[in-house]
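Biologist: Could you take me on a close look at the empty spaces in this protein, beginning with the pocket? I am new to this, so please go step by step.

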Amino acid sequence: MVLYKRAWKVVYRSKQLLLTNFLEAVVVGTLLGTIYIHAGYGEAGAHKRLGLFAFTLTFLLTSTTETLPTFVTERPIVLAETAAGLYRLSSHAAAGTLVFLPYLLAVALLYSVCVYFLVGLCSSAGAFASFVLVVWAVVLTANSFVLFVSSFAPDYIAGMSLVSVSLAGFFLFSGYFLSRGSMPSYWVFMHYVSPYKYALDALLANEYTCAGNRCFGVGGGSECSQTGLDVLVEKGLTAEERWTGVQVLFGFFLLYRVLYWVVLSRRASRAKR
C-alpha cells in the first residue's frame, strides 16, 4: 500500500505526463474522428475502417513512450532501495501495475469516446465496450513493453531508439502491409509475436461481427455482394478473434511485466554482492 500510494504520487507529480497522455487521447481521437467522420458502409467504408484501426494502433502503441524517462529515472532508486531490503521487487512491480490499470483505462475511454461515435462505428453498447477493452489492452501492453525496455536500457536515448525500432517491426509484421502468407517462412514467427496482429484482428472482428449484416460490397446488379461477415471470412477471422486478441494482449502485458521483474531482480542481486 505504501508503494502504491507513492506510485500514484509520482504519476500525479508528473503533470506534464498526465497532461500529455490525456490531451493526446482527446486531440488525436477527435482529429481521427473528423478525418474518418461518418465512414459509412460499402467498399469505401471498409477501407476507411482498416485505415482507422491501423492508425489507432500506431498512435496507441507509441503514445506510452512518454513514460520511459520516468521509468529510467526511477530504476536506480528502486535498485538501491530493494538492495537495502526496504521492500521486494515484486511489491514494487505489483504497485506500479495497480496504478497504471485505472490510469490507462481512463486514457482508453477518452480516446474511444472521441473517435468511436464521430466515425460511426457499429452502434452497439457491446461493440463499444469491446472497442474500449481492446484499446485498454493495447495501451497496457505498450506500457509494459516500455517498462521492460527501461529495465535494461542504459539511458533514455538508447531506450527510445530500441522502443521505436521494436514498434516499427511489430507494425511491419502485423499483417497490415504484408499478409502472413506473403512473408518469408523465416519471418513468420514475427507475425505471431507482434501485439499489432492481435489488436488489429480484435478490432476488425469486433466491428464486422457487430455489422455482420451490413453491406460492404455491391455486385453488378446493385445487390450486396459482401456483408460484414463475408469481410471476416475474407480476412480469415472469426467472431471469437476479438476475445482471443484481448486475451493475448493481456498475456503480453503480464509477460513484459514479469520480464521487467526478472531483469531488475538479477541487477538487484548483483548490487547486493
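Modeller: Happy to! In this predicted model, the largest pocket holds about 340 Å³ of space. Its lining is made of 17 residues, and those closest to the pocket's centre are S174, G175, Y176, D201 and K235. Look next at helix α9, residues 195-210: this helix gives the largest share of that lining, with four residues.

How do we find such spaces at all? Rolling a probe the size of a water molecule over the atoms shows where empty space is left. A pocket is open, whereas a cavity is a place where the probe fits but cannot get out. Counting cavities of 30 Å³ or more gives two. The largest cavity has a volume of about 250 Å³. Around this cavity there are 22 lining residues, with A7, F71, E74, G96 and F100 nearest its centre. Elements giving two or more residues to that lining are α1 (2-13), α4 (68-83), α5 (89-119) and α11 (241-272). Of the lining of the largest cavity, α5 supplies the largest share, seven residues.

Helices are a good thing to keep in view here. Over residues 2-208 the chain is 79% helix and 0% strand. According to the unreviewed UniProt entry, residues 2-208 carry the annotation "domain: ABC-2 type transporter transmembrane".

Finally, turn to the surface. There, L19, L23, V26, V27 and L110 make a nonpolar patch of about 400 Å². Helix α2, residues 15-35, gives the most to this patch, with four residues. One residue of helix α2 is L23, which counts as partly exposed because its relative accessibility is 45%.

Technical notes: Residues numbered from 1 in each chain as written. Predicted model: local features only at pLDDT ≥ 70, side-chain atom pairs only at ≥ 80, totals over all residues. Heavy atoms only, no water. Patch = residues over 30% accessible without salt bridge, like charges linked within 9 Å, V, L, I, M, F, W, Y side chains within 5 Å. Areas by Shrake-Rupley, 256 points an atom, 1.4 Å probe, with all protein chains shown as cover. Salt bridge = Lys/Arg side-chain N within 4 Å of Asp/Glu carboxyl O. Buried < 20%, exposed > 50% of the residue type's maximum accessible area, 1.4 Å probe, protein only. UniProt positions renumbered as here; feature names shortened; annotations may be inferred. 1 Å grid on protein atoms, 1.4 Å probe; cavity = no way out; pocket = protein on both sides within 12 Å on 5 of 7 lines; lining within 4 Å. Points joined across faces, edges and corners; volume = space filled by probe spheres on them.
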